[in-house]
Amino acid sequence: MYQLTALYSHPTDPAAFDKHYREVHAPLAAKLPGLTSFTMTWCAPGADGQRPSYHLIAVLRAESQAALEQGLAGPEGAAAVADLANFAGAGVEMIFGETDAVV
């Protein structure tokens, strides 16, 4: 498996970010050809009440690096990447890599 992990920083308007992500961006990203899964984690404070480092973590998986890269290079990927400017002004870090399942 190959994975893209998107780490979204805390937006200035969380409600607007969440609405756009759920209603616009997630449906765009879900159309990427070759995806085997797409999950979102809305980060909550830890047991100590501390604010988490990120607002949202999205994980997109494909069977291989080539499959994910092809999906991102196509029109669906271009649309999703272009949409980042519409809601991710606080910043997003993209991490790519192979995954190993432990359990």
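## A walk through the sheet and its helices

Start by selecting His-20. Setting aside residues within four places of it in sequence, His-20 is in contact with His-25, Asp-83, Asn-86 and Phe-87. Keep in mind as you click around that this is a predicted model.

**Stop 1: His-20 up close.** Show the side chains of His-20 and Asp-83. They make a polar contact with each other, at 2.9 Å. Is His-20 buried or exposed? Its relative accessibility is 19%, and buried means under 20%, so His-20 counts as buried. Now colour helix 1, because that's where His-20 lies.

**Stop 2: two helices side by side.** Select residues 14-30 for helix 1 and residues 75-83 for helix 3. The two axes come within 8 Å and cross at roughly 150°. That angle makes helix 1 roughly antiparallel to helix 3. Which residues make the contact? On the helix 1 side, pick His-20, Val-24, His-25, Leu-28 and Ala-29. On the helix 3 side, pick Glu-76, Ala-79, Ala-80 and Asp-83. Colour this set by class and you'll get five nonpolar, two polar and two charged residues.

**Stop 3: the sheet.** Hide the side chains and look at the strands. There are four of them in an open sheet, in the order 2-3-1-4, with antiparallel pairing. Which strands stand at the edges? They are strand 2 and strand 4 (92-98), each with a single partner strand, so one side of each has no neighbour in the sheet. Going from one strand to the next, the twist averages 15°.

Next, see what packs on the sheet. Helix 1 does, touching strand 1, strand 2 and strand 3, and its direction makes about 170° with that of strand 2. Then select residues 65-73, which are helix 2. Helix 2 packs on the sheet too, touching strand 1, strand 2, strand 3 and strand 4, with its direction at about 50° to that of strand 1.

**Stop 4: strand by strand.** Select residues 56-62 to light up strand 3. Five of its seven residues are buried, so strand 3 is largely enclosed by the rest of the structure. Add strand 2 (residues 35-42): seven bridges join it to strand 3, and the two run antiparallel. For one of these pairings, click on Met-40, whose bridge partner in strand 3 is Ala-58.

Now bring in strand 1, residues 2-8. How many bridges join strand 1 to strand 3? Seven, and again the strands run antiparallel. Strand 1 is also joined to strand 4 by seven bridges, in an antiparallel arrangement. To see a pairing there, find Tyr-8, which stands opposite Val-92 in strand 4.

**Stop 5: Leu-4.** Finish with Leu-4, which is found in strand 1. Its relative accessibility is 6%, so Leu-4 counts as buried. What stands opposite Leu-4 in strand 3? Click across and you'll land on Leu-60. Try the distance tool on Leu-4 and Arg-61 as well: the pair is 57 residues apart in sequence, yet 6.4 Å apart in space, C-alpha to C-alpha.

Last of all, show what touches Leu-4. Leaving out residues within four places in sequence, Leu-4 is in contact with Ala-58, Val-59, Leu-60, Leu-68, Met-94, Ile-95 and Phe-96. Select that group together with Leu-4, and spin the view for a final look.

Note on methods: Residues numbered from 1 in each chain as written. Predicted model: local features only at pLDDT ≥ 70, side-chain atom pairs only at ≥ 80, totals over all residues. Heavy atoms only, no water. Axes fitted to C-alpha atoms, helices over the stretch in contact; angles between N-to-C directions. Helix = DSSP H or I, 4+ residues; strand = E, 2+ residues; numbered from the N terminus. Parallel < 35°, antiparallel > 145°, perpendicular 65-115°, else oblique. Contact = heavy atoms within 4.5 Å. Nonpolar A, V, L, I, M, F, W, Y, C, P; charged D, E, K, R; others polar. Buried < 20%, exposed > 50% of the residue type's maximum accessible area, 1.4 Å probe, protein only. Polar contact = N/O pair within 3.5 Å; in protein donor to acceptor, adjacent residues only side chain to side chain. Pairing = 2+ DSSP bridges.
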